[in-house]
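Open the model in your viewer and keep the sequence panel at hand. The tour below goes from one selection to the next and says what is found at each stop.

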Amino acid sequence: MEPGLLRVGDLDVYVTVSDKRRTVGLTVERDATITAVVPLTLDEARLATVITAKGPWLHAKLRERAATGTPRPPREYVSGEGFPYLGRSYRLLVVDESPMPVRLVRGRLQLRRDSVDDAASALARWYRKAAEPWLRKRVAPWAQRMSVDVTELRVLPLGFRWGSCSPDGKVNIHWATMQLLPDLVDYVLVHELAHLRHRDHGSAFWQTVDRAMPGWESRRTRLKQAGPELWLPIR
Ligand SMILES: [Zn+2]
């Protein structure tokens, strides 16, 4: 068993190997990352079986972390609150009249007063709408560079995942990704495009990532740190 990131179903698990362990130790961290400490002799298929069997427990823990894990105060959707967009914070401005429930005008994120009660959904829709053209444009040069075909790019709520994809070239990206700095969005895109070639997180997968984006490791670290800071209302 090699240390690294292992994807099992919809779960990404960071694997470390210990010669002292005789059983698999699974932990859901405060920032909702999953770690597995495994015995040296364990193989990947066996670990995948253990993780699959523990799936319901892991998902319950993830939901718990989402609800209580990060000590962020709940959003109130009042003027002055900051919401990140491509790494910059934009202040909310509640306005009486606007052609749209949410729109970005002169550096302020305008929220129409009659949408305040439904603000979480209205804002999530705004991120989603902004994300689609931006991401489609952004993914094109990466797809070309990595020689993969993206047949469809959709922006969706994806729970705890940044992205997902299917072998026929369909790529899904979480709308919350639009809160990240553009170079971290690029990492999410490259990661998913690499999955079009390699389903798992084996060494061939990471080689593909590395060829497209040398120095990706620091982006992955920053992504892990940025995740818990983002605004992510529970659907
Ligand atoms: Zn992955």
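Start with β10 and β11, which form a hairpin with three residues between them. In the turn, select Gly 169, whose phi is positive at about 95°. Bear in mind throughout that this is a predicted model.

**The hairpin and its sheet**

Now colour strand β11 (residues 170-174) and β10, which run antiparallel and are joined by four bridges. Two of the facing residues can be picked out by name. Gly 163 has Ile 173 in β11 as its bridge partner, and Ser 164 is bridged to Asn 172 in β11.

Stay on Ser 164, which is found in strand β10 (residues 163-166). Is Ser 164 buried or exposed? Its relative accessible area is 9%, under the 20% cut-off, so Ser 164 counts as buried. Show its surroundings: apart from neighbours within four places in sequence, Ser 164 is in contact with Arg 7, Leu 158, Lys 170, Val 171, Asn 172 and Glu 192. Asn 172 is thus listed here as a contact and is also the bridge partner of Ser 164.

Next, add β9 to the selection. β9 and β11 pair in the parallel sense over five bridges, and Glu 152 stands opposite Lys 170 in β11. With β9 shown, the three strands form an open sheet in the order β9-β11-β10, with mixed pairing. β9 (152-156) and β10 are the edge strands, each pairing on one side only. From one strand to the next, the twist averages 20°. β11 is mostly covered, with four of its five residues buried.

Then bring in helix α3. α3 lies across β9 and β11, and runs at about 150° to β9.

**The other side of the α3 tour: a second sheet**

Keep α3 displayed and select the strands β5, β6, β7 and β8. Helix α3 (residues 119-145) lies across β5, β6, β7 and β8 (108-112), at about 20° to β5.

In what order do the four strands come in this open sheet? The order is β5-β6-β8-β7, and the pairing is mixed. β5 and β7 (102-105) stand at the edges with a single partner strand each, so one side of each has no neighbour in the sheet. The twist here averages 40° from one strand to the next.

Zoom in on strand β5 (residues 82-85) and strand β6 (residues 88-95), which pair in the antiparallel sense over four bridges. Gly 82 is placed opposite Arg 91 in β6. The hairpin of β5 and β6 has two residues between the strands, and Leu 86 takes a positive phi near 50° there.

**The zinc ion**

Select the zinc ion and its protein donors. These are His 191 (NE2), His 195 (NE2) and His 201 (NE2), lying 2.0 to 2.1 Å from the ion. Along the chain, the donors follow the spacing H-x3-H-x5-H.

Look at the first part of that spacing on the helix. His 191 and His 195 are four residues apart in helix α4 (residues 182-197), and so are separated by about one helical turn. Colour by accessibility next: His 191 is buried, with a relative accessible area of 7%, and His 195 is also buried, at 1% relative accessibility.

**His 59**

Another histidine to select is His 59, which sits in helix α2 (residues 55-69). How is His 59 classed by accessibility? It is partly exposed, because its relative accessible area of 27% falls between the 20% and 50% cut-offs. Not counting residues up to four places away in sequence, His 59 touches Asp 10 and Leu 11. Measure in the viewer from His 59 to Val 28, C-alpha to C-alpha: the two are 31 residues apart in sequence and 9.4 Å apart in space.

**The two domains**

Finally, zoom out and colour by domain. The chain is divided into domain 1 (4-69) and domain 2 (118-229). The C-alpha centres of the two domains lie 22 Å apart. To the contact, domain 1 brings 13 residues and domain 2 brings 14 residues. Between them, domain 1 and domain 2 bury about 1,100 Å², of which 59% is on carbon and sulfur atoms.

Note on methods:
Residues are numbered from 1 along each chain as its sequence is written. This is a predicted model: local features need pLDDT of at least 70, side-chain atom pairs count only at pLDDT 80 or more; totals for chains, interfaces and linings use all residues. Side-chain values use heavy atoms; hydrogens and water are left out. Buried means under 20% relative accessible area, exposed over 50%, partly exposed in between (1.4 Å probe, protein chains only). Contact means heavy atoms within 4.5 Å. Donors are N, O and S atoms within 2.8 Å of the metal (3.2 Å for Na, K and Ca); water is not among the atoms, so sites may look incomplete. Two strands pair if DSSP finds at least two bridges between them. Axes are lines fitted to C-alpha atoms, for helices over the stretch in contact, and angles run from 0 to 180 degrees between N-to-C directions. Domain bounds come from an automatic or database domain assignment. Buried area is the accessible area (1.4 Å probe) that two parts lose on being put together, summed over both.
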